[in-house]
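Biologist: I am new to this structure and would like a close look at a single part. Please take the central sheet as the starting point and walk me through what surrounds it.

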Amino acid sequence: MTDIQKFFWGQKTYCLITGASKGIGRKFAVEFARRFAANSLLVLVARSESGLVETKDLVKNANADVKVKVYPTDLCKPDPELFLQMIQTSLTESGCNPADFDLSLIIHNAGSVGDVSENTSNMSNPDKWQEYFSLNLFSVACLNSQFLKVFSEGSVKQRSVINVTSLCAIKPFNSMGYYCTGKASREMFFRVLAKENPTLTVLNYAPGPVDTDMVSEVISGTGDADIKQMFVNLKKEEKILTVEQTTNRIIEVLENGKFESGQHVDYYDE
Ligand SMILES: NC(=O)c1ccc[n+]([C@@H]2O[C@H](COP(=O)([O-])OP(=O)(O)OC[C@H]3O[C@@H](n4cnc5c(N)ncnc54)[C@H](OP(=O)(O)O)[C@@H]3O)[C@@H](O)[C@H]2O)c1
């Protein structure tokens, strides 16, 4: 392993991943854990307990020396007390303190696409807005804050925060009003976080179009024929990415460390 690789991978890591029950989050969990040092602790969060347990088994196969905790949680309900308890319990139940780790890493990956049948001119239901932002922004901010309370400045050698963002954070797409505004605001939250905290490393990673349930949901639910065709064509022409491809890319990005904290880095960026 080179010195650059040691900068990120190969360290004793505390890592929390949301949305780890399937899709991109599951692959991140497995491939990241493969690169952690022995006695690292990986915390997996999503609603589906069976999905999380399946991810845990895959992680254990990849690296038996990593401890794994699963917390089935609905992130639609931002609950700072519960989030703090979850992080603290994961540490106490594993007999660990924050200072036992070299790197603390939180990956905000969970997300939903929202109602893609609605155009922005019809988005008049405040309960729907509330529900969408509860999961995709409010919970993210609350969980992040509790994480940084436990892994405060100086508690570990290196602290990193990854937000799984999208091209939709910076480019409008028809019928994706909730998703685009959610991703844009979430990304800006992490840019402010990076600016306020020079000792944190924050990465806004856009994984590219990836073949997961989320894309199937857009294809079946969108009210826009062009958007539907765009995703259908991506699949048909095999231009859609696999979870492996996007995971390999972020591993490389983190290994090289050549981004500015808070920067939006896309799969397709040079
Ligand atoms: N696929 C793409 O083309 C693409 C492109 C750009 C960005 N992204 C982003 O990548 C991230 C992962 O998406 P994906 O494509 O892997 O989609 P996915 O397969 O649908 O996975 C979404 C994950 O989020 C979790 N989740 C959803 N609602 C939740 C809730 N209420 N509480 C807790 N967890 C919840 C799901 O777990 P449970 O259902 O078990 O709760 C699942 O683990 C998202 O942030 C997405 O916006 C995806």
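Modeller: One term first: contact here means heavy atoms within 4.5 Å. Keep in mind that this is a predicted model.

Start with the sheet. It is open and has seven strands, in the order β3-β2-β1-β4-β5-β6-β7. The pairing is parallel. Two strands stand at the edges: β3, residues 67-72, and β7, residues 264-266. Each has a single partner strand, so one side of each is left without a neighbour in the sheet. From one strand to the next, the twist averages 20°.

Now look at β5, residues 158-164. Seven of its seven residues are buried. That cover reaches both faces. On one side sit Q158, S160, I162 and V164, and these are buried. On the other side R159, V161 and N163 are buried too.

Strand β5 has β4 on one flank in the strand order and β6 on the other. Take β4 first, residues 103-108. Six bridges join β4 to β5, and the two run parallel. One pair to find is I106 and its bridge partner in β5, V161. Between these strands the chain passes through helix α5, residues 126-150. This β-α-β crossover is right-handed.

Next comes β6. It pairs with β5 in the parallel sense, over six bridges. Here S160 has T201 in β6 as its bridge partner. The chain gets from β5 to β6 through helix α6, residues 177-196. That β-α-β crossover is right-handed as well.

Follow β6, residues 200-206, to the edge. Three bridges join β6 to β7, and these strands run parallel. In this pairing, A206 stands opposite D266 of β7.

Return to the two crossover helices. The axes of α5 and α6 lie 10 Å apart, and the helices pack at an angle of about 20°. Angles under 35 degrees count as roughly parallel, and α5 and α6 are therefore roughly parallel to each other. Their crossing is right-handed. Many side chains can be picked out where the helices meet. From α5 come residues including W129, Y132, F133, L137, V140 and L148. From α6 come residues including Y178, Y179, R186, F189, F190 and L193. Polar names appear on the α5 list too, among them N136 and N144.

A second helix pair makes a useful contrast. Helix α7 covers residues 213-221, and helix α8 covers residues 225-236. Their axes come within 8 Å and cross at roughly 135°. That makes α7 oblique to α8. The crossing of α7 and α8 is left-handed. In α7, V215, S216, V218 and I219 take part in the contact. Their counterparts in α8 are I227, K228, F231, V232 and K235.

Finish with one loop residue, N39. It is found between α2, residues 23-34, and β2, residues 41-46. Its relative accessibility is 40%, so N39 counts as partly exposed. Leaving aside residues up to four places away in sequence, N39 touches K12, D65, K67 and F101. For a sense of scale, take the C-alpha atoms of N39 and L254. They are separated by 21 Å, and the two residues are 215 apart along the chain.

How values were computed: Residues numbered from 1 in each chain as written. Predicted model: local features only at pLDDT ≥ 70, side-chain atom pairs only at ≥ 80, totals over all residues. Heavy atoms only, no water. Pairing = 2+ DSSP bridges. Helix = DSSP H or I, 4+ residues; strand = E, 2+ residues; numbered from the N terminus. Axes fitted to C-alpha atoms, helices over the stretch in contact; angles between N-to-C directions. Buried < 20%, exposed > 50% of the residue type's maximum accessible area, 1.4 Å probe, protein only. Right-handed = clockwise from strand over helix to strand, strands pointing away. Parallel < 35°, antiparallel > 145°, perpendicular 65-115°, else oblique. Left-handed = near helix turned anticlockwise from the far one by under 90°.
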